[in-house]
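I opened a fresh page for this one and kept my notes short. Here is the entry, with the structure pasted in first.

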Amino acid sequence: MRYAETGFNLEIDLSRGNIERVETDPRDTELYLGGLGTNAKILWDRVPPEVDPFSPDNLLIFATGLLCGTPATGCNRTIVSTISPQTLLMAFSMMGGFWAPELKYAGYDKVIIRGKSPDLVYLWINNDKVEIRDASHLQGKGAIKTAELIQEELKEPKAQVASIGLAGENRVYMASIEQGRSSASRLGIGAVMGDKGLKAIAVRGTKDINIARPAEFIGLCNEVLQYIKVREEKPIPGVMPILAGLGSPQEMKVHDEAWHTQNFMWGNARTRRKDFWNKEVEEKWTETLENSRTRLISCYNCPMKCGATLSVPGLPTYMMKCFSKLTYTMAAYSDLDFGFRIAQRATEYGVDGFSTPQVMAFAIELYENGILTDDDMPGMPSDNEGRFYWLLDRIVRREGIGDVLANGTYWAAKEIGRGAEAYAHNNIKKHEQLPLKLSMLNPVYFLMYATGEKINITQIEGQFPQAPFATMEEREDFVKDWIQIPDEKFKQYLLDWEFRGEHSNPYYPTVQMSCEIVDWQETMHYIDDALGMCAGLSSFPLKPPYHIHNYPKFISSGAGIDMDEAKLWKAAKRYRTLVRANNIRRGMRRKDEKPPENHWKKRFPDLEKELLDTYYKFKGWNTQGIPTKESLNELGLDYVFEDFEKRGVYSDNGDTPSKETSEENEKKQSGGSEP
Amino acid sequence: MKGDKEKKIIKTIKIDADKCNGCRACEVICSAFHSEPKYSSNNPARSRIRVIRDPLRDIYIPVYAGEYTPAECMGRDKYVIDGKEYDECAFCRASCPSRDIFKEPDSGLPLKCDMCESDPDLEEPLCVQWCLNDALIYEEREEEVEEEEEQEELEIGLEALADKFGLDKIMDTVARMSVKE
């Protein structure tokens, strides 16, 4: 019997309309766990670098994590992996919600989509019955509306639906996959789903998930619940409120937005408004939130309340979480009411709440600087808010300038030319980043930004405080119950960390310490992404309930896989390396690994070089960031080495440019038509 | 027949639906606890508590499985509270032919909440313990009830018929029926 996992994947070929239930190899679970880990292996095996994102041979994998569907609190993530049209690298966006556990209960660990349907379809998975159904009547429908209509027509209100909106159908590079209160938004995976002609996947399951050693496993679950209770009653003092508790940042709960609005940048990641927050703003925004928010809500099997149902007067109800609360507001220099209103439309269209506002702010900036003109923007309203709605409508329909902007700031700037590239200033690996511009280089963050392959800082940071504590007393207080650390030395790193002087940024934490901190933080995220655990209860917050010391026990007793800390660390390193291998094979090199030029005002080129050199070595990568023969061998990834050798990867230092046109653009140039 | 007074423990789960965050942890732990051996599997479709959810309409009501009933009600009820219209029979606890909740998914056998009866007793039912948002609160109180001798089902039925038709008529009918057979 298989425990925690079901041992079966669904293979769907949309070109041929073929559906297969395929048993998986339990040895792969031991080596790569599940979720992101086994996704990376499948993409390595089946999607060679010649396959473009919009090729029928690209796979779109909806995976559950290894422990999804077990009673482990907060383990509910769906990990969606494919090749991104925006970065041309491996994408692994994730979403919480209720979809992954439902798929497990239906009897599957993953749904692997290949091919392309000639007509728009949706997939209906009801335990053993799986159908590809016509979705022509859902064409152009909003993502949330689509889910509702599907539940109605199936007469199955308990079905969980992941769907795309108009943006995904039109292959907009920032298209998301929406699922009630959650979404897998980054890296354009909704565009791949749309390209495959797949509008939605609805799933309903009523089968059991088995546990290998029940008494031990439930004991661990109870410990975690108890810890959450205690931890929530004792927020961490001396850090900003959103870092004091558990969960993803409690944006839907709080009214005080002084920190975000005065520290993050407004517009196209441009302007810091240090005096923005005042009593009047606070009163107005509080009223907006109070009048819109009907309830704070959670994902499956989690006591946190990171999301909210929003019923903005006069608009259909939708759900929101985290920082999407402010992204539209701040990009448009507007207020919270505008942010909530445009986010409703954007959620139905199905677009990423991080990239989309930035793309629109970028367009406005180009217009204000004469790079885009009235000829490019016929009929654009004159007021800022009106312009944002106008741009959003055009982007998701790929109309006029919207067709260019729909490829994100990196590709749009290349296509527009005339100096537009200077305005696409906030990207890493061709992908828009959080609007943060800071003063002093932070060595830990430098490494995370540079080498993170999720290409999103929130998906690699966590665990270690973002800044030192002011007094020794506070530091000692913090480290005394810091049980999550993999090694005692991290306590000393924190105790010695100062705001000023010898032991402060950028030279402290030292290069070596920075490598160790980043490696720990990243490893925890990778473990979460394979188990399906929400980062909000694990890798993201300070002092989380899940950590390197209890995870092996969860895996041993839950999945029946013999696991200890060293073995788990190695497994995470194995599939983390495999993610990198996928990207290396697609041309990613050292030159791509850099934070935006203006992320910090004070930069230190020599130190940065030393950081990257040392970290690469620490990870077992060569100076180009390519995993070495020795490190691949140690991880049992000799097949990666063989492929690298065959392709001449080691002799390619990245001077030969990797593919530098977007797929949409290429189609236009070759006069290609819609598939 | 009237008996002596006796003390009885009334077990109640107070459901504060306003506090429900919709996470369904109650369903997870209920189905895990009632699996055999305990916690060896879980499956919300087997849970004896269900959260009736309709997120876009802000409807979240945890409902416990009550008594099995072989027949549907003659009519259905529908509640509208604070402008929110609830599904037919949403608040009903019965495992009943009109709907699929509170039945084992494979056998169709009815499910009923047993307040996590176990030996030794749990402090509180597990759904309550796992609800950190306090949407489910366990309460116990002692009530004095008059001890009544339990009537058999048939006796209750016959008594009702006798009230309606008179005892003589019932006896005649029974005699006639036994001859026919």
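What follows is what I looked up, topic by topic.

**Entry 1: overall build of chain A**

I noted at the start that this is a predicted model. I counted the elements of chain A and got 26 helices and 20 strands. Its radius of gyration came out at 24 Å, close to the 26 Å that the globule rule gives for 675 residues, so chain A is as compact as a globular protein of that length. The C-alpha trace spans about 60 × 60 × 55 Å along the principal axes of chain A. I then checked burial, and 55% of the 675 residues count as buried. For contacts in chain A between residues at least 6 apart in sequence, I found that 70% join residues at least 24 apart.

**Entry 2: strands S15 and S16**

I turned to strand S16 of chain A, residues 318–321, and found both of its faces covered. Tyr318(A) and Met320(A) are buried on one side, and Met319(A) and Lys321(A) are buried on the other. Strand S15, residues 307–310 of chain A, runs antiparallel to S16(A), and 4 bridges join the two. I looked up the residue opposite Lys321(A) of S16(A), and that is Gly307(A).

**Entry 3: where chain A meets chain B**

I asked myself how many residues each chain brings to the contact. Chain A gives 32 residues and chain B gives 23. On the chain A side, strand S13 (209–210), helix H7 (214–233) and strand S14 (293–297) each supply at least two residues. H7(A) gives the most to this side, with 7 residues. Sorting the chain A residues that touch chain B, I got 17 nonpolar, 9 polar and 6 charged.

The strands also pair across the two chains: 2 bridges join S13(A) to strand S2 of chain B, residues 41–42, and the two run antiparallel. The bridge partner of Asn210(A) in S2(B) is Ser41(B).

**Entry 4: helix H7 of chain A**

H7(A) deserved its own entry. I checked its length: at 1.5 Å a residue, its 20 residues should span 28 Å, and the end C-alpha atoms are 29 Å apart, which agrees. Which residues of H7(A) are buried? My list reads Pro214(A), Phe217(A), Ile218(A), Leu220(A), Cys221(A), Val224(A) and Ile228(A). They cover an arc of only 155° around the axis, which puts them on the same side of H7(A). I jotted down the general point that an α-helix has 3.6 residues a turn, so residues three or four places apart point the same way.

The buried residues of H7(A) pack against helix H21 (551–559) of chain A together with helix H1 (25–33) of chain B. On the face turned away from the buried side I found the exposed residues Ala215(A), Lys229(A), Val230(A) and Glu233(A).

**Entry 5: two loop residues**

I picked Val47(A), in the loop between helix H2 (36–46) and strand S3 (60–64) of chain A. Is Val47(A) buried or exposed? Val47(A) is buried, because 23 other C-beta atoms lie within 10 Å and 20 are enough to count as buried. Leaving out residues up to four places away in sequence, Val47(A) touches Asp57(A), Asn58(A), Leu59(A) and Ile83(A).

I also looked at Arg273(A), in the loop between helix H9 (258–263) and helix H10 (279–292) of chain A. With 15 C-beta neighbours inside 10 Å, Arg273(A) counts as partly exposed. Arg273(A) touches Thr261(A), Gln262(A) and Trp266(A), again leaving out residues up to four places away in sequence. The C-alpha atoms of Arg273(A) and Asn263(A) are separated by 7.5 Å, with their positions 10 residues apart along the chain counted as the spacing.

Methods: Residues numbered from 1 in each chain as written. Chains lettered and ligands numbered in written order. Predicted model: local features only at pLDDT ≥ 70, side-chain atom pairs only at ≥ 80, totals over all residues. Rg over C-alpha atoms; globule rule 2.2 N^0.38 Å. Buried ≥ 20, exposed ≤ 12 C-beta atoms within 10 Å, placed from the backbone. Contact = placed C-beta atoms within 7 Å. Pairing = 2+ DSSP bridges. Nonpolar A, V, L, I, M, F, W, Y, C, P; charged D, E, K, R; others polar. Expected span 1.5 Å × (residues − 1). Arc of directions from axis to C-beta.
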